[in-house]
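Visitor: I'd like to walk through this one with you and keep asking how you know what you say. Could you bring it up on screen?

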Amino acid sequence: MTATMRIQRALARAGIASRRKAEELVASGRVRVNGDLAHTGQVVDAEADAITVDGKPVSKPRTAEWLVLNKPAGVMTTRSDPDGRPTVFDLVPGIPGLTYVGRLDYLTEGALLLTTDGAAAHALSHPSHEVERTYVATVTGKGDEAAKAARRGVMLEDGPVKPRQVEARRLGRDRWDLEITITEGRKREVRRLCSALGLTVERLVRTRFGPIHLGGLPSGKSRPLTPRERAALVVVTARTEPRGT
């Protein structure tokens with residue numbers, strides 16, 4: 001989010017190559033910073049330092065793009081699908097370098113962030129950084145009892161899960177909306193939690209990722225983040241990213 005970053009990220013942000021390919025460029029001696037040979041992991045000021053690849057100047061990093069998509073059910077969170085199913089990239093502008101922040105499974109709907117800032121995407125989605133995600137699960141079963149059990153914590157096959165917050169709202173006899181806030185984002189975590197609690201999930205919608213709320217965004221539509229939302233993400237990523245990355 002700042003101009004100070006590692007050389008491979010600066011090259012990636014400038015559109016030269018992916019970070020992995022940028023590391024290869026540096027290791028092969030093709031990159032210089034202020035006339036000196038660059039080394040892998042070197043921290044540079046991408047705005048002030050003169051960076052070249054094969055003697056050609058590298059343009060300054062582009063301002064990162066950020067979008068939020070209201071992902072519909074039946075859409076894959078992937079770049080392409082071998083079975084020809086629609087993907088989230090079919091629903092958003094064709095921005096070079098765009099990647100998603102975490103995943104939503106095939107049937108899960110709701111807020112999905114996309115960005116051209118790969119390092120920030122990794123920081124926001126990594127389980128150790130405990131960025132909150134809020135879901136609303138429409139379920140059948142004993143929702144009130146399940147909510148109480150979830151607040152105490154539930155053991156899944158890959159370890160315990162204890163949501164930050166669980167609220168149950170009755171919709172009818174044995175039909176509930178459970179609003180669940182978690183921080184890890186493990187694979188199908190909310191669905192597996194509901195199953196362990198004896199609930200059947202009819203619909204699952206992510207309504208919030210970190211400071212970004214889905215709001216009234218129509219299904220299948222995306223929008224750029226507002227300046228206020230981008231500023232909120234700066235605060236979150238500054239808390240999760242190591243300095244100089």
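Visitor: Which element gives the largest share of the lining of the second largest pocket?

Guide: That's α1, with 3 residues. Bear in mind that we're looking at a predicted model. The pocket itself has a volume of about 330 Å³, and 19 residues line it, with A12, R13, G97, T116 and G118 closest to its centre. Two elements give two or more residues to that lining: α1 (7-13) and α3 (118-125).

Visitor: What classes make up the lining of the second largest pocket?

Guide: There are 6 nonpolar, 7 polar and 6 charged residues. Glycine goes with the polar class here.

Visitor: And what about the largest pocket, what volume does it have?

Guide: About 480 Å³. Its lining has 24 residues, and the closest to the centre are R103, L104, D105, K187 and R188. By class, that lining splits into 9 nonpolar, 5 polar and 10 charged residues. As for elements, β10, α5 and β15 (200-209) each supply at least two residues.

Visitor: Why is T77 called buried?

Guide: The cut-off for buried is under 20% relative accessible area. T77 comes in at 4%, so T77 counts as buried. You'll find T77 in the loop between β7 and β8 (99-100). Beyond four places in sequence, T77 touches K71, V88, Y100, G102, R103, L104 and L112.

Visitor: What makes the pair of T77 and L104 a polar contact?

Guide: The T77 side chain reaches the backbone oxygen of L104 at 2.7 Å. The limit for such a pair of N or O atoms is 3.5 Å, and 2.7 Å falls within it. L104 also turns up among the residues closest to the centre of the largest pocket.

Visitor: How do you know whether N70 is buried or exposed?

Guide: Same test: N70 has 8% relative accessibility, and the cut-off is under 20%, so N70 is buried. N70 is part of strand β7. Leaving out residues up to four places away in sequence, N70 touches G110, L214, L217, P218, S219, G220 and K221.

Visitor: Why are N34 and E130 called partly exposed?

Guide: Partly exposed runs between the 20% and 50% cut-offs. N34 has a relative accessible area of 44%, so N34 lands in that range. E130 is at 44% too, and therefore counts as partly exposed.

Visitor: What else should I know about the backbone of N34 and E130?

Guide: N34 has a phi near 55°, a positive value in a residue other than glycine. N34 sits in the loop between β2 (31-33) and β3 (36-37). E130 isn't a glycine either, yet has a positive phi of about 55°; E130 is in the loop between α3 and β10.

Visitor: Which residues have the most contacts inside the largest nonpolar core?

Guide: L114, I180 and L197, in a core of 32 residues. Among the elements giving two or more residues to this core are β7 (66-71), β9 (109-115), β14 (175-182) and α5 (189-196). Apart from this core lies another, of 18 residues, including A64, W66, V68 and F209.

Visitor: How do you know which residues L197 is in contact with?

Guide: Contact means heavy atoms within 4.5 Å. By that test, and leaving aside neighbours within four places in sequence, L197 is in contact with A146, A149, A150 and V154.

Terms used
Residues numbered from 1 in each chain as written. Predicted model: local features only at pLDDT ≥ 70, side-chain atom pairs only at ≥ 80, totals over all residues. Heavy atoms only, no water. Core = buried A, V, L, I, M, F, W, Y, C linked by side-chain atoms within 4.5 Å. Buried < 20%, exposed > 50% of the residue type's maximum accessible area, 1.4 Å probe, protein only. Helix = DSSP H or I, 4+ residues; strand = E, 2+ residues; numbered from the N terminus. 1 Å grid on protein atoms, 1.4 Å probe; cavity = no way out; pocket = protein on both sides within 12 Å on 5 of 7 lines; lining within 4 Å. Points joined across faces, edges and corners; volume = space filled by probe spheres on them. Polar contact = N/O pair within 3.5 Å; in protein donor to acceptor, adjacent residues only side chain to side chain.
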